[in-house]
Amino acid sequence: MSDPGSARGDLPHAERVRLEALRYAARDEAPTYIAIMRTFTGEIAGLLSDQSPAEVAGRLAEQGIDIDTDTVDDRLSYLVEHGNLARSPREAEARSLREYLQNRARYQLTQRGELVHRFVEELLGHTESAREVSTEMLGGILAGLLELGRLDGPAIASADPDALARGIGTLFAQFERLVSSTRDFYTYLSQVLVRYDLDRSEFQLFKTALLDYLQRFVDEIARHMPQLADALLQVEPQVIALCQRANAGQRLLSVDGGAARRASGLDPADWGSMHVWFVGGAERDSDAAGVRRLATDAMRALLVNLRRIATGRREQSRYTDLLTLAGWFAEADDDTAHALWASAFGLYPCRHLAFAADDDGDPLPPTASWWRTPSAEVPVALRRSGARTIRGRAGRRDDYGQAKQARIAERERAEQRRAAALAEIAVHPGRLGSIRLSDDARAVLLDLYARALVGRGRPLGPDDTAEASADGGGWRLTIRRSPGATTVVSSPAGRLELVDLTLAVEPAEVGSSPTVRRIG
Amino acid sequence: MTRPVERPAPAEDIQLTAERRRAARALLLTPLLRSEGPGADEFRLVRRHRAELERLFADGLGYRLVVEPSTARLFKTGLGRDATRPLLRRAGRSFTPRGYALLCLTIAALSRGKGQLLVDELVAQVRSAAVDAGVDVDLDAITDRRALYAALVALVDLGVLHERDGDLEHWAEQRTASLLDVRRERLALLVSATLGGVGDPADLLDAAALPSAIGGSRVAVRRALVESPVLSVDALTEEQAEWWRRNRNREREWFAERFGLDLELRAEGAVAIDPDGELTDVDFPGGGSARQLALLLVERLASALRPVARESAVAERVWRRADPELVATTAGEVLAEWGSGFKKEHREDPEVALADARAVLVGAGLVRVEAGGAWSVHAAGARYTVRASLAEPTADGQPSLFEEES
């Protein structure tokens, strides 16, 4: 029925025309239209007959609606234009010109009009009330499926078509009831759960009922579901044979030769929806499992609602209190209003005077009088000019030039001493056996020694060497482990003996960097 | 028989005490603290020391403290018929009664609505709330629209409303659209007094000033000291005065430890001074010509009244009356001498200057206006007088500016 146009979001012309049939119910004159349509659909007798405007007007007058015939005629024409009614083709012999003109206009109901009006009536009579899910249908569906499942090939071929059709029809009618009632229930539930103005007593009433009901509903679905799925799977291979047999009786043909539509279930295609509902589709869960999930969601939403209503209860009573307060404010004068603000809302900050008068070290007795005690120390600026900022030039910058000079000179001296010490060590090339050094030189030697070992990182083994390069001297100090050998350094401060270690002054290798050697 | 060794109580961690003090001060200054905005650090401290703070405020001041994940609310009680703490608009003027009424209606409308709404939807709900309340509101007229705008801005500043999108600033004039988020948990924390059952505004004001039965004098006196600049003995009942006389020295320590406030105790009452000068909404003495004029006025009036006051009995010297003529002449002298430094409005119109200065002094609790235009000056005003002292040489010949008071 759909064509490429509907894929684009467009309704094809034929469908648009069909939807025109809905228009009458939304117009200003809807009451009149509905009354007119009721005259056509009201009783069974009216379904087959046709009526003239005069007759319709008469019927309306009986109900107390006074409309003149011309208006009725207009209304009926409108309904014809939009497909709800059709001009009757029945010919009746007219006896006069007037009768002929009158008879020309006779109207009867169309199929579309009947369908639309049926829905309109349902909408008018619909109340937003709870409707139970017809879980009683589950039992019936199960029984029906089991019975059909018991029929195998030959049994089907010999079964009575009418009985078979009856069985299938009942089954699908029950299924239809179940699905529509479930849908109804859940739309009701979703509306109720988001309402803000639920009274506590109202909510109390149906909260327990709702929770109980949901629990029972979930239980029943859970109980019947597996069995239904199995039974359905058992019947499905036979579906085509079953439908064929059920359709074997006399069939109605429509005007263009095609078979008329039969009740739901007698066409194999209808079984697909039941399959989806109970067993599930290619990638989706069965609708019944979805129903169970919805029930859990509903229970959760119910609890959230409950929480909101429980706290909202306080806000309800606060609403009236705030209104009263607003009324008081509106009638108060300025001072009373400010006092009311402080009393009702309590959002004022505290306030204190500034500047102390008491000396902490010499507190005055509490019985002293303010008139006699010392004043608070208020900055003169506040009295004189009402300002607290301090203005004036920025101070002079301090001069550190001399200190800098002194530091530089001192550093230079230190550098010179170090260079002298290094030179003194370099005077002893090769292995340092037993040497004399000044204190400074000894300190520098030990510094190089420490640097060498630290640079090495690991303890010295028998064949290992640690080295440190003397900065700028062009030589390096090498340390080796040599059991039995000792290095002795004598200086004015004392004697240093390095046991089992050999220190040597060796020329630094050209092009080598200290860091490279240290890793080795 | 050996007795178990008594260990001294562990020294209170200085850091913790300091944090609690800071949190308590923040709550006193901003009774509604939020997790976002300028008070975020203090809010974190409040949350950390929540249990102690709840106890402190409940036992010490009889205030209820509620700490929620994003808001801390100290429910202060009323001040009686004190009109010196109005709600201020952003520009600094106070709310009008109409503005307050619209604020109440807005809060009522918000409490019934959704978590997010357009300004226009809110306006519709306020209208219907106004009808329910019987208040005549015309939100098409510009005055009421401005008042409603002020109420909305006040709610935004309190953190109850948040402008998600659109332009709220120009709503009053241009009716621009704006999307507002509602923080409903803060909305529920706004009203502090229990309004149910109160029939009259006067009842509400008086009930608010009454201390709770528990704590009695202690709570009442402490509240007065914490919230108001000056505690005056003539405002205390017999019972409270008795309690105060017995306990005021101990209160000095309590205030210093809990809030960092130094109490200055005198025969006529007490003031609580903040050494940092921060724990107040309005500074006195402070900057600006109204406050400067106020300081100079109170100084001169107190000096003029002092000679007689010193010699009077306590009951006579708490408040001293300054006749309207004295006030007028003093004001004239001050303006003549210092007026050139004042702002233009005050220079041009002495009446306005005097009115502003009077408002400052009444707000600071130092002056009461009597019938006929006379002022009553509180003894605490004497602490702002200037004492000129002659530097006299002391025993060892050194001139000293520090005079020993007898």
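A residue is taken as buried when its relative accessible area is under 20%, as exposed when over 50%, and as partly exposed in between (1.4 Å probe, protein chains only). By this criterion, 37% of the 520 residues of chain A count as buried in the predicted model analysed here, in which local features need pLDDT of at least 70, side-chain atom pairs count only at pLDDT 80 or more, and totals for chains, interfaces and linings use all residues. Residues are numbered from 1 along each chain as its sequence is written, chains are lettered from A in the order in which they are written, and side-chain values use heavy atoms, with hydrogens and water left out.

Between chain A and chain B, 61 residues of the former are in contact with 109 residues of the latter, contact meaning heavy atoms within 4.5 Å. The area buried between the two chains, that is, the accessible area (1.4 Å probe) lost on putting them together, summed over both, is about 7700 Å², and carbon and sulfur atoms give 61% of this value. Of the area that chain A buries against chain B, 16% is supplied by Arg351(A), Trp370(A) and Trp371(A), more than by any other three residues.

The count of salt bridges between chain A and chain B is 2, the criterion being a side-chain nitrogen of Lys or Arg within 4 Å of a carboxyl oxygen of Asp or Glu. Arg351(A) also takes part in a salt bridge, its side chain meeting that of Asp281(B) at 3.0 Å, N to O.
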